[in-house]
Amino acid sequence: MEIGEKQGAGKSLGAEFDLEKGRAVWEVKVLGASGLQEFKVDAMSGQVVKVEEEHLRGRLTPRVARHSNSL
């Protein structure tokens with residue numbers, strides 16, 4: 001959860017373990033000044049592999065992290 005808080009500059013609301021395309025990831029929700037974001041963190045490397053931002057309409061839109069392979 002620390003990784004999500006640092007990347008999102010906010011407070012973690014929780015984390016959930018998941019498998020996506022055979023990859024073990026932690027999904028960390030972070031509430032910051034820019035709104036709610038969900039960080040997908042590779043469970044093995046600790047690298048952020050994907051970020052989703054929730055907009056006012058409640059829709060999640062993907063944004064790929066700069067230093068990773070997208071899911």
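**Exercise 1.** In this predicted model, classify Glu20 and Lys40 as buried or exposed, and find what joins their side chains.

*Solution.* Start with accessibility: Glu20 and Lys40 are both buried. For Lys40 the relative accessible area is 5%, and the cut-off for buried is under 20%, so Lys40 falls in that class. Next, look at the side chains: Glu20 and Lys40 form a salt bridge, with an N to O distance of 2.6 Å. Finally, place the two residues: Glu20 belongs to strand β1 and Lys40 to strand β3 (residues 35–42), so this pair ties together parts 20 residues apart in sequence.

**Exercise 2.** Determine which strands are tied together by the salt bridge between Glu27 and Lys40, and state whether Glu27 is buried or exposed.

*Solution.* The side chains of Glu27 and Lys40 meet at 3.0 Å, N to O. Glu27 sits in strand β2 (residues 23–32) and Lys40 in strand β3, so the bridge ties together parts that are 13 residues apart in sequence. As for accessibility, Glu27 has a relative value of 10% and therefore counts as buried.

**Exercise 3.** Classify both partners of the salt bridge between Lys29 and Glu38, then identify the network that includes them.

*Solution.* In the bridge between Lys29 and Glu38, the closest N and O atoms are 3.3 Å apart. Lys29 has a relative accessible area of 37%; partly exposed covers the range between 20% and 50%, so Lys29 is partly exposed. Glu38, at 9% relative accessibility, counts as buried. Through salt bridges with shared partners, Lys29 and Glu38 join Glu20, Glu27 and Lys40 in one network. The structure as a whole holds six salt bridges.

**Exercise 4.** Locate Ala24 relative to Lys40, and list the residues that Ala24 touches.

*Solution.* Ala24 lies in strand β2. Along the chain, Ala24 and Lys40 are 16 residues apart, and their C-alpha atoms are separated by 9.7 Å. Leaving aside residues up to four places away in sequence, the contacts of Ala24 are Phe17, Asp18, Leu19, Val41, Asp42 and Ala43.

**Exercise 5.** Identify the surface patch that contains Phe17, and give the strand and accessibility class of this residue.

*Solution.* Phe17 is found in strand β1 (residues 10–20). Its relative accessibility is 44%, so Phe17 counts as partly exposed. Together with Leu19 and Trp26, Phe17 forms a nonpolar patch on the surface, and the accessible area of the three residues together is about 340 Å². Phe17 and Leu19 are also among the residues that Ala24 touches.

Key. Residues are numbered from 1 along each chain as its sequence is written. This is a predicted model: local features need pLDDT of at least 70, side-chain atom pairs count only at pLDDT 80 or more; totals for chains, interfaces and linings use all residues. Side-chain values use heavy atoms; hydrogens and water are left out. Patches are made of residues with over 30% relative accessible area and no salt bridge: like charges are joined within 9 Å, nonpolar side chains (Val, Leu, Ile, Met, Phe, Trp, Tyr) within 5 Å. Accessible areas come from the Shrake-Rupley method with a 1.4 Å probe; for residues, only the protein chains shown count as cover. A salt bridge is a side-chain nitrogen of Lys or Arg within 4 Å of a carboxyl oxygen of Asp or Glu. Helices (H or I, at least four residues) and strands (E, at least two) are DSSP runs, numbered from the N terminus. Buried means under 20% relative accessible area, exposed over 50%, partly exposed in between (1.4 Å probe, protein chains only). Contact means heavy atoms within 4.5 Å.
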